[in-house]
Amino acid sequence: MIKLYSTSNKKILEIVNKSEAELNKFISQNWEAFFPQYLFIKSEFSVEGNVRSKGTSGRIDILAFNPISNKFVVFELKKDKDKNIRNQVSDYKDYIEDNFSQIYLMSLQKHKAPLPLFDKISKDSIEVVMIAKSYSSTDIERVKKSSSRNLTTLIRYMWFENELLLIDYINNDPDDLFEKENAEKLKKIKNIIENKKSLYADVESFLFGKEEAQRLFKIFYESLNKVGKTNLIVQASKIKIELNNQSFSIIGYAGKTGRKCFLVVNTNIDQVTKLGKIVDDRIRPNQKKKGSIGSERYEVFLTTELELMNFISIIENNFQSN
C-alpha cells in the first residue's frame, strides 16, 4: 500500500473517497498539470444515438485530442475498480469512429476546440485513457499484450486528504516515452557525428596540408547533400561522390597542368563548359580521352569560392531540369 507523509502536518495522510464527478472536475480544472500532452476538449461530452451497447445515449467523461498522433482521446474515469470499464470505453470508441464527422464538428464549433483541419486528423483509430483505483490482472495483461496497446493507457489513482491526487501510469507513461524518444534521437545524432567525424577524417587525410582544398571540398559536399542523397568514397587516388545518376571525382591540385588552383572536380555535366577557362574537356578531337584521375569527361579547376558557387549552381540547375 502506498503511503504519503506530510512534512508540514507531520503525519501520514489518509486516503479519501471522492465521487467520479469530483474526480472529473479536479482533473479537468488541473488539466495542464496532469495531461499537458493532450488538448482538453470537454468533460461530460454528450453523445446521442446508438452509443452504449445497453442504451441509446451517453456521456464521454472527458474528450481530448492528441496533437502528436492527431487522434481523439477518450477518457473514462471510475471511482473504484470496474470490470465493465473496458466495454464502456469500447462503446464510446466505436461510436466516435462511426460518427467521426459529427464529433469533429461538435468539438470545433460547439466547444471551440482548436483542432487541425479535418483531413489532417487520423480517423482510423481512437486513443483511450482509463483512470480507476485499480484494475484486474486480466485487464492489465490484455492491454499490454494487445496489438493496440499503444492506443490504450491504464492509470491508477489514489486520492489523499488535503486535495492531493496521485496518478500512476501502468503503461504508456509519457515520461518513459519521452526518455525513449530522446534516447533514440541521441543515438541517431551520435551515429551521425561518428560517421561524419570518420568521413571528414578520411577527407582531411586525403587532402592533408591543403587547408583551402579542404574548405572548398566541405562547401561542395554539403551543397551536394542539399541536392540529394550522396554516397562518398575516399580512395587512394581520389575522392568519389555519387549523386543519383551523376558522379564526381575530386583531387587536390596535382601541379601537372600548369593551372594554379586548390581543388579539381571531374564531372560529366555538359553545362559546366559555361564556366569558361576553368574547365578542361578531356575528349580530344580524335575522341580519345586524355589521361586524368577519374572517369568523368570534364575537369573543373577551382581557385575561388565564387567559382565553386557558380559550379554548384550549374549542378543544382541540372538536377532540377531532370
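Which residues of helix H4 (residues 100-110) are buried? In this predicted model, they are Phe100, Ile103, Tyr104, Met106 and Ser107. These residues sit on the same side of H4, because they cover an arc of only 165° around the axis. There's a handy rule behind this kind of pattern: an α-helix has 3.6 residues a turn, so residues three or four places apart point the same way. On the other side of H4, things look different in terms of cover, with Gln109 and Lys110 exposed. Just after H4 comes Lys112, which takes a positive phi of about 55°.

Helix H5 (residues 137-145) can be read in a similar way. Its buried residues include Asp139, Ile140 and Val143. They cover an arc of only 100° around the axis, so they end up on the same side of H5. The face of H5 turned away from that buried side carries Ser137 and Lys145, both exposed.

Now for the chain as a whole. It has eight helices and 14 strands. Of its 322 residues, 40% count as buried. The accessible surface comes to about 18900 Å², and carbon and sulfur atoms account for 49% of that. As for how the chain folds back on itself, take the contacts between residues at least 6 apart in sequence: 56% of them join residues at least 24 apart.

Where do the nonpolar residues gather? The largest nonpolar core has 30 residues, and those with the most contacts inside it are Phe217, Phe220, Phe248 and Phe311. Several elements feed this core with at least two residues each: helices H7 (211-227) and H8 (305-321), along with strands S10 (239-243), S11, S12 (263-267) and S14 (298-302).

One of these contributors, strand S11, spans residues 246-252 and has Gln246 in it. Is Gln246 buried or exposed? With a relative accessibility of 14%, Gln246 falls under the 20% cut-off, so Gln246 counts as buried. Setting aside neighbours within four places in sequence, Gln246 is in contact with Ile241, Asn268, Ile269, Asn318 and Phe319. In the loop between S10 and S11 lies Asn244. Asn244 is exposed, with a relative accessible area of 59%. Its backbone is worth a look too, since most residues other than glycine have a negative phi. Asn244 has a positive phi of about 55°, although it is not a glycine.

Glu44 tells a similar backbone story. Its phi is positive, near 50°, and Glu44 is a residue other than glycine. Glu44 is found in strand S3 (residues 39-48). With a relative accessible area of 30%, Glu44 is partly exposed.

Aromatic rings turn up in pairs as well: the count comes to 16 aromatic pairs. One of them joins Phe34 and Phe35, whose rings are tilted, with 6.4 Å centre to centre and 45° between the planes. Both Phe34 and Phe35 are buried. Another pair, Phe65 and Phe72, is edge-to-face, at 5.8 Å centre to centre and with 75° between the planes. Phe65 and Phe72 are both buried too. Ring pairs also link up into a cluster made of Phe26, Trp31, Phe34, Phe35, Tyr38, Phe40, Phe75 and Trp159. Elsewhere, a ring has a lysine for company: Lys123 lies over the face of Phe118, at 4.4 Å from the ring centre.

Phe34 shows up again in the surroundings of Ile167, a residue in strand S8 (residues 164-169). Which residues does Ile167 touch, leaving aside its neighbours within four places in sequence? The contacts are with Phe34, Ile155, Arg156 and Tyr157. Arg156 is eleven residues away from Ile167 along the chain, yet their C-alpha atoms are separated by 5.7 Å. Ile167 counts as partly exposed, at 22% relative accessibility.

Technical notes: Residues numbered from 1 in each chain as written. Predicted model: local features only at pLDDT ≥ 70, side-chain atom pairs only at ≥ 80, totals over all residues. Heavy atoms only, no water. Helix = DSSP H or I, 4+ residues; strand = E, 2+ residues; numbered from the N terminus. Buried < 20%, exposed > 50% of the residue type's maximum accessible area, 1.4 Å probe, protein only. Contact = heavy atoms within 4.5 Å. Areas by Shrake-Rupley, 256 points an atom, 1.4 Å probe, with all protein chains shown as cover. Phe/Tyr/Trp six-rings, centres within 6.5 Å; stacked < 30°, edge-to-face > 60°. Lys NZ or Arg CZ within 6 Å of the ring centre and 35° of its normal. Arc of directions from axis to C-beta. Core = buried A, V, L, I, M, F, W, Y, C linked by side-chain atoms within 4.5 Å.
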